[in-house]
Amino acid sequence: MRWWDIAPVLDLERALFPDDAWSKGLFWSELAHARGAGANRRYLVAVDDTDRVVGYAGLAAVDGTGDVQTIAVAFEHWSTGLGSRLLGELLTAATDFECREVLLEVRVDNTRAQRLYERFGFEPVGIRRGYYQPGNVDALVMRLTLVHPDNQQGMPHDSQG
Ligand SMILES: CC(C)(COP(=O)(O)OP(=O)(O)OC[C@H]1O[C@@H](n2cnc3c(N)ncnc32)[C@H](O)[C@@H]1OP(=O)(O)O)[C@@H](O)C(=O)NCCC(=O)NCCS
């Protein structure tokens with residue numbers, strides 16, 4: 001993801017996270033940490049065959065712990081495997097950053113996203129009460145331990161068969 005992707009990303013962001021969409025400034029701030037010396041973010045976009053942005057994802061890495069900051073796919077591309085590809089790329093980035101584990105928060109009512117994370121081996125480790133505002137929705141905290149650099153990252157545990 002580069003700065004010129006922020007406008008189309010924001011369109012998707014507002015459609016997919018209507019209650020708590022990130023601001024333009026937040027994306028700029030995240031991208032500022034994604035390049036140059038000391039970069040500790042990896043942000044990517046997925047584009048369709050007309051170069052339209054149809055998905056995006058971002059990871060932050062601090063002291064050996066990765067954090068999935070965001071992941072989203074345009075509704076019309078759901079269930080095509082794109083979410084899995086984006087998450088796989090984030091886990092590759094986590095290994096590049098030498099992370100030992102990756103954490104994320106997900107709304108307790110977002111079972112679709114939870115299934116995606118579980119397929120990659122993430123496990124629930126706690127609840128953050130009222131994490132999502134407004135709405136006072138709890139977050140489920142999930143964790144994936146990356147024991148070895150080649151620890152099945154990018155490979156869903158329950159393959160499509
Ligand atoms: C969560 C989200 C990123 C998942 O994206 P996605 O592209 O639908 O993810 P996938 O296609 O990889 O997986 C979804 C389903 O499609 C299935 N699938 C995966 N690859 C497939 C393929 N090639 N063909 C058909 N189905 C496939 C998966 O098995 C999965 O099935 P399930 O619903 O039984 O779990 C997407 O729904 C989204 O953007 N949601 C709104 C934003 C959001 O909630 N983000 C997470 C915040 S924590």
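**Entry 1: a first contact.** I started at the ligand and looked up S79, where a polar backbone atom is 2.9 Å from an oxygen atom of the ligand. I should jot down right away that I'm working with a predicted model.

**Entry 2: how much is covered.** Next I checked the ligand's surface. Taken alone, the ligand exposes 930 Å², and the protein buries 77% of that.

**Entry 3: side chains reaching the ligand.** I then went looking for polar side-chain atoms. N110 has one that lies 2.7 Å from an oxygen atom of the ligand. R112 has one too, and there the distance to an oxygen atom of the ligand is 3.0 Å.

**Entry 4: the shell.** How many residues surround the ligand? I got 21, and the closest are V73, G81, S84, N110 and R115. So N110 turns up again, this time on the list of closest residues as well as in a polar contact, which for me means N or O atoms within 3.5 Å. Sorting the shell by residue type gave me 9 nonpolar, 8 polar and 4 charged.

**Entry 5: where the shell comes from.** I wanted to know which elements supply the shell. At least two residues each come from β3 (65-73), α3 (82-96), β4 (101-107) and α4 (111-119). Which of them gives the largest share? That's α4, with 5 residues.

**Entry 6: the pocket.** I also asked where the ligand sits among the pockets. The ligand is in the largest pocket.

**Entry 7: the record.** I looked up the UniProt entry, which is unreviewed, and found the annotation "domain: N-acetyltransferase" over residues 1-147. For that span I noted 30% helix and 35% strand. The end C-alpha atoms of residues 1-147 are 28 Å apart.

**Entry 8: backbone oddities.** I finished with the backbone, going through two loops. In the loop between β2 (53-62) and β3 I found D63. This residue has a positive phi of about 50°, although D63 is not a glycine.

The other loop joins β5 (123-132) and β6 (137-145), and P134 lies in it. Is the peptide bond from Q133 to P134 cis or trans? I read it as cis, with omega near -5°.

**Entry 9: to remember.** If I come back to this model, I'll start again from the ligand in the largest pocket, with α4 giving the largest share of its shell.

Note on methods:
Residues numbered from 1 in each chain as written. Predicted model: local features only at pLDDT ≥ 70, side-chain atom pairs only at ≥ 80, totals over all residues. Heavy atoms only, no water. Near = heavy atom within 4 Å. Polar contact = N/O pair within 3.5 Å; in protein donor to acceptor, adjacent residues only side chain to side chain. Areas by Shrake-Rupley, 256 points an atom, 1.4 Å probe, with all protein chains shown as cover. 1 Å grid on protein atoms, 1.4 Å probe; cavity = no way out; pocket = protein on both sides within 12 Å on 5 of 7 lines; lining within 4 Å. Sits in = over half its atoms within 2 Å of the grid points. Helix = DSSP H or I, 4+ residues; strand = E, 2+ residues; numbered from the N terminus. Nonpolar A, V, L, I, M, F, W, Y, C, P; charged D, E, K, R; others polar. UniProt positions renumbered as here; feature names shortened; annotations may be inferred.
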